[in-house]
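This report goes through the nonpolar cores, the open and closed spaces, and some helices and loops of one protein chain. Please keep the sequence and the model in view while reading.

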Amino acid sequence: MSDIRQDVVAGFEEAYGSAPSGIWSAPGRVNLIGEHTDYNLGFVLPFAINRRTIVALGPRDDGRIGVASAYADEVAEIAIADLAPDRLRGWAAYPLGVAWALGQHGADLAAVPGVNLFIESTVPVGAGLSSSAAIESAVALALNDVWQLGFDRPTLAKVGQLAENKAVGAPTGIMDQSAALLGREDHAVFLDCRSLESHLVRLGFAEAGLEVLVIDTGVKHSHATGGYASRRASCEAGAKALEVASLRDLTVDDLPRARTLLDDETFRRVRHVVTENQRVLDTVDRLRTNGPLAIGELLDASHISMRDDFEISVPELDLAVETAQANGAIGARMTGGGFGGAAIALVPSDGISRIQVAIDGAFAEHGFGQPTMFTVTASNGAARD
Ligand code: GLA
């Protein structure tokens with residue numbers, strides 16, 4: 001058993017005085033391309049990473065759920081019958097929100113036994129790598145198993161999203177939970193966020209001598225407040241003004257007309273989403289026909305679109321991307337919701353240390369805090385361990 005799994009078992013025993021009956025885990029994700037397209041019912045191409053959230057679970061016989069973790073001093077507890085979004089606070093809202101959301105999807109919560117959970121993670125929090133979706137997906141799979149609910153993975157992704165939207169209060173889309181639940185080693189998840197149909201697309205990075213470097217700027221963000229929601233509102237306003245159900249219904253051919261009908265800011269928001277959808281399709285096409293060395297310019301173009309049109313980048317992300325590009329990266333872009341968090345660079349394996357040194361130097365020169373850098377590989381989705 002790996003160290004973290006031993007820690008989780010030990011943590012569970014310390015919190016609850018007995019051994020867990022099982023262990024489940026789910027990964028964080030990197031979004032290769034397709035940003036702010038999910039809630040516009042467009043396309044995304046994330047992959048699950050080799051950093052995971054581990055959940056140990058054991059039964060209890062009083063109809064309550066307990067949640068504890070290495071990060072919180074106390075055990076949060078609530079009767080299953082009392083689960084409701086406005087009764088959930090702090091980080092416990094993620095796992096408990098999932099239990100509530102299972103009920104919203106048809107699970108008979110009056111008939112399920114109580115459980116204790118202990119949670120630990122190697123997904124960095126606040127880095128834009130979906131540490132929250134990793135918790136939600138691991139807990140959703142664990143409860144689905146022990147409560148014998150029989151939901152499929154796409155439904156569990158919706159459960160996680162509902163928990164995030166209602167219990168945590170972040171108006172996020174379906175991408176992160178889908179990556180955490182559907183990911184596969186060496187593959188990205190190509191998801192159509194309207195039909196929810198998904199396909200695994202082989203990445204082949206290692207074979208092409210490439211690695212994905214994550215540059216966590218350390219700039220913290222929260223999607224429960226501010227910019228994320230306002231971008232979402234702009235997209236909805238744009239769709240309404242253009243009389244389409246969602247921005248998914250537009251293509252790049254519609255942009256000239258959109259420009260005449262929308263104010264400049266809304267137009268640029270719309271243009272990001274419409275062109276980003278096309279870039280996802282192009283990336284999938286190039287991965288399938290030409291391989292990963294051919295996708296760099298699409299990653300670069302995605303970053304420029306987020307920086308200039310969607311305006312969700314920050315100077316630290318721009319500097320990380322530009323420095324990676326100038327020092328040999330095949331392509332680079334910020335990943336995730338923006339306003340902080342991490343950038344990714346697709347980098348030749350033998351050029352990683354040069355890029356890291358260059359980024360460290362550039363950050364120091366600009367007076368920015370030192371970024372954290374590590375490589376990730378495309379990994380399997382949530383599982384019972
Ligand atoms: C966050 C959200 C996702 C998605 C991305 C932006 O990660 O959780 O649903 O909207 O931002 O692509």
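## Cores

Apart from neighbours within four places in sequence, Leu83 has contacts with Ile65, Ile78, Leu88, Leu96, Ala99, Trp100 and Leu109, where contact means heavy atoms within 4.5 Å. The model is a predicted one, in which local features need pLDDT of at least 70 and side-chain atom pairs count only at pLDDT 80 or more, while totals for chains, interfaces and linings use all residues. Residues are numbered from 1 along each chain as its sequence is written, and side-chain values use heavy atoms, with hydrogens and water left out.

Leu83 also belongs to the largest nonpolar core, which has 46 residues. A nonpolar core is a set of buried Ala, Val, Leu, Ile, Met, Phe, Trp, Tyr and Cys residues joined through side-chain atoms within 4.5 Å. Buried means under 20% relative accessible area, exposed over 50%, and partly exposed in between, computed with a 1.4 Å probe on protein chains only. The residues with the most contacts inside the largest core are Ile65, Leu83, Leu96, Leu102, Val139, Leu143 and Trp147. A second, separate core has 38 residues, among them Ala320, Ala332, Ile359 and Phe363.

## Pocket and cavity

Both kinds of space are found on a 1 Å grid over the protein atoms alone: a cavity is a set of points where a 1.4 Å probe fits but cannot get out, and a pocket is an open set with protein on both sides within 12 Å along at least five of seven lines. Lining residues have an atom within 4 Å of a point. Grid points are joined across faces, edges and corners, and a volume is the space filled by probe spheres set on the points.

The largest pocket has a volume of about 690 Å³. It is lined by 35 residues, and those closest to its centre are Tyr94, Ser130, Ser131, Ser132 and Glu164. Strand S6 (114-121) and helices H3 (131-146), H4 (153-168) and H5 (175-182) each supply at least two lining residues; helices (H or I, at least four residues) and strands (E, at least two) are DSSP runs, numbered from the N terminus. H3 gives the most, with four residues.

The structure holds one cavity of 30 Å³ or more, and the largest cavity encloses about 60 Å³. Its lining consists of Arg153, Pro154, Ala157, Ile174, Ser178, Leu182, Leu191, Leu196 and Ser198. H4 and H5 are the elements that give two or more residues to this lining, and the largest share, three residues, comes from H4.

The table gives the make-up of the two linings by class. Ala, Val, Leu, Ile, Met, Phe, Trp, Tyr, Cys and Pro count as nonpolar, Asp, Glu, Lys and Arg as charged, and the others, Gly among them, as polar.

| Space | Nonpolar | Polar | Charged |
|---|---|---|---|
| Largest pocket | 14 residues | 16 residues | five residues |
| Largest cavity | six residues | two residues | one residue |

## Helices H5 and H10

How many of the eight residues of H5 are buried? Seven are: Met175, Asp176, Gln177, Ser178, Ala179, Ala180 and Leu181. Their cover includes strands S1 (22-31), S2 (43-44) and S3 (46-60), along with H3, H4 and S7.

H10 has twelve residues and spans 16 Å from its first C-alpha to its last, close to the 16 Å expected at 1.5 Å a residue. The expected span is 1.5 Å times one less than the number of residues. Buried in H10 are Glu316, Leu317, Asp318, Leu319, Ala320, Val321, Thr323 and Ala324. Strands S9 (210-216), S10 (331-334) and S11 (342-348), with helices H9 and H11 (352-365), are included in what covers them. Gly328, with a positive phi near 110°, follows H10.

## Loop residues

Leu196, one of the residues lining the largest cavity, lies in the loop between strands S7 (187-192) and S8 (198-202). Its phi is near 65°, a positive value in a residue other than glycine. Leu196 counts as partly exposed because its relative accessibility is 27%.

Glu311 is in the loop between helices H9 (296-309) and H10 (315-326). Although not a glycine, Glu311 has a positive phi of about 50°. With a relative accessible area of 35%, Glu311 is partly exposed. Not counting residues up to four places away in sequence, Glu311 touches Arg231, Arg268, Arg269, Met306 and Phe339. The C-alpha atoms of Glu311 and Gly338 are 8.8 Å apart, and the two residues are 27 residues apart along the chain.

Ser246 lies in the loop between helices H6 (227-241) and H7 (255-261). Is Ser246 buried or exposed? Ser246 counts as buried, because its relative accessibility is 8%. Leaving aside neighbours within four places in sequence, Ser246 is in contact with Asn40, Leu41 and Ala239.
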